[in-house]
Structures are given as C-alpha cells and as structure tokens.
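Here is a request from a learner who would like to know how pockets, strands and cores are read from a set of coordinates. The teacher answers each question with the general idea, where there is one, and then with the case at hand.

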Amino acid sequence: MKKYPYFEGWYLKHQANGEMIAFIPAVHAGITGEWEASVQVITGEGAWNFPYPVSECSIDKKNFRIKIGDNLFSKKGIKVDLKNREMSIKGGISYGPFTGLKKDIMGPFRLLPFLECNHGVVSMRHRARGSVTVNGKTLDMTGGTGYIETDWGHSFPKEYVWTQCLFNGKQEGSIMLSAADVPLWGRSFRGVICAAYLGGHMYRMATYLGAQIVRYNEREVYLKQRKLFLKVTKLGERSFGLYAPQKGSMSRIIRESPVCRVRYQMWYGKKSILDITDNNASFEAVRAQQP
C-alpha cells in the first residue's frame, strides 16, 4: 500500500443520445491510515456514493484495470452492479480504442513527488457501446463517446476550476481544462493544464508551456499561450455534491455540474478554430474553504 494520507481515483465519463453517466472508482486513506474504496456515480439527475472495504479493491494501473466489488473498469469497458437503499445501477459499456496524449499532461511537474494533487489523462475520446440501467431507466450509450482521467495525491486543490466536454455532431472532439492553486515550496501559484482534441489535432496549453491566465473566476477562464487563445464560459448549471479528498480522507464536499451549459471558444491568432456551446459539459468551480 502507498503511504498515507493518499487518494487515487479515476473519472470515467460516457455520453450519448443526450444522456450522460460518469463513474469515479477510488481508493483512499486519511491521516489515521484506514484504507477504503468507493465508487461514485454521476448523472444528470444526481450523484451517489457506494463505499467498499479496500479488501474488495484491486488495481492494475499499467494495464488500466480497476476492480471494486463486482464493478470492473478497464480498457475494454466497464461492468457495474451497484445497489443501496435508494439507487440501483447495473449494466455494461464497451470501449473503442483510446485517444491518449503523446506526453504527460503534467509536463515537468510530473517529476515532483510531493505535489498535493497530480493529474493524468487516460483517454481524451473513445467510442462507447452498451447500456446502464439506473433505477429502472436505461441509458443507452451505443454510438456514444467516452473520456477518462485520473487524479492522485493527498488533497484536491483548495481553489480550482475544472471542465470537460465531449463534442459530437458537426464538430467532433474533446476538451479538458484545469486551473488550480498549486502550493509549492511554501508558496503557491495558479497553474493551468489543458488539452483539446479537435478534428484529429491535439492542442496543448499549460503553465509550463507559457500559458497565461488572463481571466479566472467561477464562471469563466480565459487563457493565452503565444498565438493560441481559449475562453471557457459557464452559461448555466445544475450542480450536485461529490466527495473529494482532503488529506487522503473523502471528507470534503464539492459541487459538480455534470450536465452544464458551457461555451468553448479557441483561436489561433485571429482564426477561430473552435466555437461551440454544449449543454452536456461537466464543470466544477471550487473556492477555498473558510477556516
């Protein structure tokens, strides 16, 4: 086992036919060293948490295979069987080939072993096929798309904005952006990482690549990196509470808008390369907790 406090989790999002469902399998231990596992589920209707003993969890990161209880998350797809007093979720979704990044999204920061939170992108976009039944309602993901990312460390940043969107239709692609407070060597700075997969081309923006945050608040992030510009604007939301790590323990509650109306605009110089408003984007904006 890893030294504690520690958390590690994966965010697997699926989208098709105007429906969205995401799963967050995770393992975590607080300052007392008591290890636990969990699977959180997010849909456009709400969010639910299913705890498990860590003895029912096995993780193969090299081959991307996470098993928690009777639930499996892998390169080939997922199989879920989750149930409590208020929620029943069962089904399977298979995946097409992953669209990964050629280089780590963290850049040189991946070499720092003491960051409170690390981020990775497993797949920017892949095909999805299958269905999941949620309390008797079937969500058909056939013909849809998926996205997978991962986080690990001991705590989520005290302040951050994160968004992800799968574009389908006339302009297909995927985008993720995270701008966060990053504590380092007794000080902190606001860093950003972003990947946009558009028309078969991957665009990268990051602090270590020279990206500057021109504007940053709970509804908008505006980035500049030489001739590349990106503006993300939240236009509407319906948020739900999710458990997030604080010193390894899943004791912090954050608010995520899993099906949020967001506009994404990107330019190279004066040329527009993206301008889309999506009703099924995911968006989190978290302020520092008050003492």
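The dialogue that follows concerns a predicted model.

Q: How much space lies in the largest pocket, and which residues lie nearest its centre?

A: Rolling a probe the size of a water molecule over the atoms shows where empty space is left. In this predicted model, the largest pocket holds about 330 Å³ of space, and of the 18 residues that line it, Lys61, Gly120, Val121, Val122 and Thr150 lie nearest the centre. Two or more lining residues are given by each of strand E1 (6-16), strand E10 (117-134) and strand E12 (144-153).

Q: Which element gives the largest share of that lining, and how do the lining residues divide by character?

A: The largest share of the lining of the largest pocket comes from E10, with three residues, while by character the lining divides into eight nonpolar, three polar and seven charged residues.

Q: What can be said of the second largest pocket?

A: About 260 Å³ of space lies in the second largest pocket, which is lined by 13 residues, with Tyr6, Pro113, Asn118, Trp152 and Gly153 closest to its centre. Its lining divides into seven nonpolar, three polar and three charged residues.

Q: Are the faces of E1 covered or open?

A: Eleven of the eleven residues of E1 are buried, and both faces are covered, with Tyr6, Glu8, Trp10, Leu12, His14 and Ala16 on one side and Phe7, Gly9, Tyr11, Lys13 and Gln15 on the other.

Q: Which strands pair with E1, and in what sense?

A: E1 runs antiparallel to strand E2 (residues 19-29), to which nine bridges join it, and in that pairing lysine 13 of E1 has alanine 22 as its bridge partner. The hairpin of E1 and E2 has two residues between the strands, and asparagine 17 takes a positive phi near 55 degrees there. E1 also pairs with E12 in the antiparallel sense, over nine bridges, and phenylalanine 7 has glycine 153 as its bridge partner in E12.

Q: Which residues of the largest nonpolar core touch the most other members?

A: In soluble globular proteins, nonpolar side chains tend to be buried together. Here the largest nonpolar core has 29 residues, among which Phe23, Leu82 and Ile89 touch the most other members. The elements that give two or more residues to this core include E1, E2, strand E8 (77-83), strand E9 (88-95) and E10. A second, separate core has 28 residues, including Ile105, Met106, Met124 and Ile193.

Conventions. Residues numbered from 1 in each chain as written. Predicted model: local features only at pLDDT ≥ 70, side-chain atom pairs only at ≥ 80, totals over all residues. Heavy atoms only, no water. 1 Å grid on protein atoms, 1.4 Å probe; cavity = no way out; pocket = protein on both sides within 12 Å on 5 of 7 lines; lining within 4 Å. Points joined across faces, edges and corners; volume = space filled by probe spheres on them. Helix = DSSP H or I, 4+ residues; strand = E, 2+ residues; numbered from the N terminus. Nonpolar A, V, L, I, M, F, W, Y, C, P; charged D, E, K, R; others polar. Buried < 20%, exposed > 50% of the residue type's maximum accessible area, 1.4 Å probe, protein only. Pairing = 2+ DSSP bridges. Core = buried A, V, L, I, M, F, W, Y, C linked by side-chain atoms within 4.5 Å.
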